[in-house]
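This report describes a protein model, beginning with its interior and moving on to selected strands, helices and loops. Please read it alongside the sequence and coordinates displayed here.

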Amino acid sequence: MVTGVEKSQSATKKAVERQRQAQLGQFFTPPAIAQFMASLFTPGSTDCCRLLDAGAGGGSLSAAFLDRWVSGSFNFQRVELDAFEVDQTLHKALAQTLAAYQQHPDFAPTIRPDDFIHTAADWLSGNLFATALPQYTHAILNPPYKKIRSDSPHRLALRQAGVETVNLYSAFVALAVALLGNGGQLVAIIPRSFCNGPYYRPFRDWVLGQAAIRHIHLFESRTQAFKHDAVLQENIIIQLERGGSPGPVTVSTSTDDTFADLVTHQYPFNQIVLPGDSERFIHVPTSPDFETVIT
Ligand SMILES: C[S@@+](CC[C@H](N)C(=O)[O-])C[C@H]1O[C@@H](n2cnc3c(N)ncnc32)[C@H](O)[C@@H]1O
């Protein structure tokens, strides 16, 4: 049977042939990665899930999350989804993806055509005319990747919300974390550069101040034979818990997005962010006796 996330992938591919992919930082999540990301959320006792998908594209991440919900492995009665997507040419594919779940009476999706940075930053900075946003319980993200110029409207809006950062991807994650209620969970696939890039120090401070890292996944091919694998290896998947106390971090690795050789270990937080490290580098150990500092 074709899952919602697979249908979403093919509808999105059709829509993006004419897209300004580079301009909007559009890289769409393959179904297997979307399913893996959705599998990382810890089921809780919440009755109503308020899900944020910021930069939703054709909705493959929401679809993977909703596939997991309809298959019965979450306990929510109801899911309210906010899918932000600024590129209107993707709205048809996104609406088609979400329509597959609309027979569920307790599914309430909203496609928001707004710029996520401006909407979230306006709301968080207390702007009187801002669109009100809920406190989300879950966020699933594959944000756009693009430098933010220091004199751009995005940078100004972010600064007003107290976020200093240099790329759209870190801005999306910082704002999504801030929009989560206490105990809310975020799973994102993002470039690994934030782990130790000097420009990402304020972002690391922000994230580590507001959330606990629960899981990190690395794609780790020994051969780097395929271009696709090289692209995967520039990214990590991270799970954060808003307001959580730092505790053991699960680190998993797989060669590629088949996840066939998935290996999982747990590490104390003080091996991930070393106590007293003023740069707050995020170290990702890849086997119990071998530690990699991400470059
Ligand atoms: C990397 S793609 C990921 C799409 C989808 N989440 C997925 O995983 O396949 C990022 C998406 O964010 C959208 N986007 C870029 N800037 C945005 C903004 N400021 N506000 C809302 N969406 C934005 C792009 O059009 C693109 O569809």
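## The largest cavity

The residues that line the largest cavity are V173, I190, F194, F203, V207, I213, I238, L240 and I282. This lining comprises nine nonpolar residues, with no polar and no charged members. Two elements, α8 (201-210) and β7 (235-242), each supply at least two of the lining residues.

The space in the largest cavity is about 40 Å³. The count of cavities of 30 Å³ or more comes to one.

## Overall architecture

The model is predicted. Its secondary structure consists of 10 helices and 11 strands. The protein has 295 residues, and 53% of them are buried.

Among contacts with a separation of 6 or more, 74% join residues 24 or more positions apart. The accessible surface of the protein is about 13,300 Å², and carbon and sulfur atoms account for 54% of that surface.

## Strand β2: L81 and D82

Two consecutive positions of strand β2 are considered here. L81 is found in this strand, and its relative accessible area of 1% places it among the buried residues. When neighbours within four places in sequence are set aside, L81 is in contact with L51, D53, S62, L98, F107, A108, P109 and T110. For one of these partners, F107, the C-alpha atom is separated from that of L81 by 7.8 Å, although the two residues are 26 apart along the chain.

D82 also belongs to β2, which spans residues 78-84. D82 counts as buried because its relative accessible area is 7%, below the 20% limit for that class. The side chain of D82 makes a polar contact with the side chain of R112 at 3.2 Å and another with the side chain of Y136 at 2.5 Å. Apart from neighbours within four places in sequence, the residues in contact with D82 are L51, L52, D53, T110, R112, P134 and Y136.

## Helix α5 and its ends

Helix α5 covers residues 116-124, and its buried residues are F116, I117, T119, A120 and A121. The elements that cover these buried residues include β1 (48-54), β2, α6 (153-160) and α7 (168-179). Strand β2, the element that holds L81 and D82, is thus part of the cover over α5.

At the N-terminal end, α5 is capped by D115, with a side-chain oxygen of D115 lying 2.8 Å from the backbone nitrogen of I117. Just after the helix, G126 adopts a positive phi of about 80°.

## Helix α8 and its surroundings

The buried residues of α8 are F203, R204, W206, V207, L208 and Q210. Two of them, F203 and V207, also appear in the lining of the largest cavity. Cover for the buried residues of α8 includes α7, β6 (211-219), β7 and α10 (269-272). Helix α7 is likewise included in the cover of α5.

## H217 in strand β6

H217 is found in strand β6. With a relative accessible area of 0%, H217 is buried. The side chain of H217 makes a polar contact with the side chain of S252, at a distance of 2.7 Å.

Not counting residues up to four places away in sequence, H217 touches F36, I236, I237, S252, T253, S254, F259 and L262. One of these, F259, is considered next for its backbone conformation.

## Positive phi at F259 and R280

Most residues other than glycine have a negative phi. F259, although not a glycine, has a positive phi of about 55°. F259 is placed in the loop between β8 (249-254) and β9 (263-267). This residue is buried, since its relative accessible area is 14%, under the 20% cut-off.

R280 likewise is a residue other than glycine with a positive phi, near 55°. R280 is found in the loop between α10 and β10 (284-287). With a relative accessible area of 28%, R280 is partly exposed, because this value falls between the limits of 20% and 50%.

Definitions and conventions. Residues are numbered from 1 along each chain as its sequence is written. This is a predicted model: local features need pLDDT of at least 70, side-chain atom pairs count only at pLDDT 80 or more; totals for chains, interfaces and linings use all residues. Side-chain values use heavy atoms; hydrogens and water are left out. Helices (H or I, at least four residues) and strands (E, at least two) are DSSP runs, numbered from the N terminus. Buried means under 20% relative accessible area, exposed over 50%, partly exposed in between (1.4 Å probe, protein chains only). A polar contact is a pair of N or O atoms within 3.5 Å; within protein, one must be able to donate a hydrogen and the other to accept it, and residues adjacent in sequence count only if both atoms are side-chain atoms. Contact means heavy atoms within 4.5 Å. Accessible areas come from the Shrake-Rupley method with a 1.4 Å probe; for residues, only the protein chains shown count as cover. On a 1 Å grid over the protein atoms alone, a cavity is a set of points where a 1.4 Å probe fits but cannot get out, and a pocket is an open set with protein on both sides within 12 Å along at least five of seven lines; lining residues have an atom within 4 Å of a point. Grid points are joined across faces, edges and corners, and a volume is the space filled by probe spheres set on the points. Ala, Val, Leu, Ile, Met, Phe, Trp, Tyr, Cys and Pro count as nonpolar, Asp, Glu, Lys and Arg as charged, and the others, Gly among them, as polar.
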